[in-house]
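Me: I'm new to this structure and would like to get to know it. Could we go through it together, one question at a time?

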Amino acid sequence: WDIPGDRRLAPPFQAGELATTDVLREGARREGLVGYPPPLAVSPDGGTVAAGLLDGGVRLHDALTLRRLPDLPGIDHGAATAVEFSPDGRAIAVTGGSGAVEVRDAASGERERPPLAGLGAPSQAMAFSPDGGRLAVADLEGNLRVLELESGDVLRAPLLAGFPIHLSFSPDGKLLAIGLADFGTELRDSRSFRVVARLRGQDDDPWDRWVRFSPDGRLLAVSSVGYTQLWD
């Protein structure tokens, strides 16, 4: 759809697979994926739509023609629960049921670097820094890590208060917004992990699900069930 919402740019198409009890492996069912739609990402140039698959792979479609492109490999174990394009569109990161993270060439699917091993819990929150040099990933047990893609160094934050649902870097890369179940949204310094602010939504629904900075970095949009808030 276009942003005003009055013009559909393309007909509906089958981007991925709905995770339901009759198609999920027992391991994926234990990870709480039942009823989830596939995770989606759009390439920075707007030309490709990527969807995570139940087998850990990634399905690609041409965003203009909706033509299906060759699937890419993703993670080796468990369903893919988050996919993200790098800011230059050349790489795609995948994480999911095992908590491991793969960074692959978006055209060929070849590994760009050794996989980042999981810590034993599924991950669904992941984001590239704006310069493409770092990748933040958080699992459902509250483990937050930032991977330096060139060196392979991993920074690990203190355990988060709640389980993270979504991550977003500020445009300058200095802040990391973290949507937390039952604990609202935290703003943290992306390198020291120091808490800069804690934002609370409506008391009757403390689950902040998606967080995204405006392009100029002045506003943060936080979406929950039934409402969205804009924060300075």
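Me: Is aspartate 76 buried or exposed?

Reply: Happy to help, and please keep in mind that this is a predicted model. The relative accessibility of aspartate 76 is 52%. A residue counts as exposed when its relative accessible area is over 50%. Therefore aspartate 76 is exposed.

Me: Which residue forms a salt bridge with aspartate 76, the closest N and O atoms being 3.3 Å apart?

Reply: Aspartate 76 sits in the loop between E4 and strand E5 (80-85). Its partner lies 35 residues away, in the loop between strand E7 (101-105) and strand E8 (123-128). That partner is partly exposed, at a relative accessible area of 43%. The residue is arginine 111.

Me: Which residues are joined into one network by salt bridges that share partners?

Reply: In general, side chains of opposite charge can pair when their charged atoms come close. Here, some salt bridges have partners in common, and these link up into one network. Its members are Asp76, Glu102, Arg104 and Arg111.

Me: And how many salt bridges does the count come to?

Reply: A pair is counted when a side-chain nitrogen of Lys or Arg is within 4 Å of a carboxyl oxygen of Asp or Glu. The pair of arginine 111 and aspartate 76, at 3.3 Å, is one that qualifies. By this rule the count comes to eight.

Me: Is glutamate 186 buried or exposed?

Reply: Glutamate 186 belongs to strand E14 (residues 184-189) and forms a salt bridge with arginine 198 in strand E15 (residues 195-199). Arginine 198 is exposed, with 58% relative accessibility. For glutamate 186 the relative accessible area is 3%, and under 20% means buried. Glutamate 186 is therefore buried.

Me: Which residue does arginine 68 meet in a salt bridge?

Reply: Arginine 68 is partly exposed, with a relative accessible area of 46%. Its partner is also partly exposed, at 35% relative accessibility. The N to O distance between their side chains is 3.1 Å. The partner is aspartate 71.

Me: Which strands are the edge strands of the open sheet?

Reply: Four strands form this sheet with antiparallel pairing, in the order E1-E2-E3-E4. An edge strand here pairs on one side only. That gives strand E1 (40-42) and strand E4 (68-72).

Me: Which residue in E2 stands opposite leucine 40?

Reply: E1 and strand E2 (residues 48-52) pair in the antiparallel sense over three bridges. Leucine 40 falls within E1, which covers 40-42. The residue opposite leucine 40 is alanine 51.

Terms used. Residues are numbered from 1 along each chain as its sequence is written. This is a predicted model: local features need pLDDT of at least 70, side-chain atom pairs count only at pLDDT 80 or more; totals for chains, interfaces and linings use all residues. Side-chain values use heavy atoms; hydrogens and water are left out. Two strands pair if DSSP finds at least two bridges between them. Helices (H or I, at least four residues) and strands (E, at least two) are DSSP runs, numbered from the N terminus. Buried means under 20% relative accessible area, exposed over 50%, partly exposed in between (1.4 Å probe, protein chains only).
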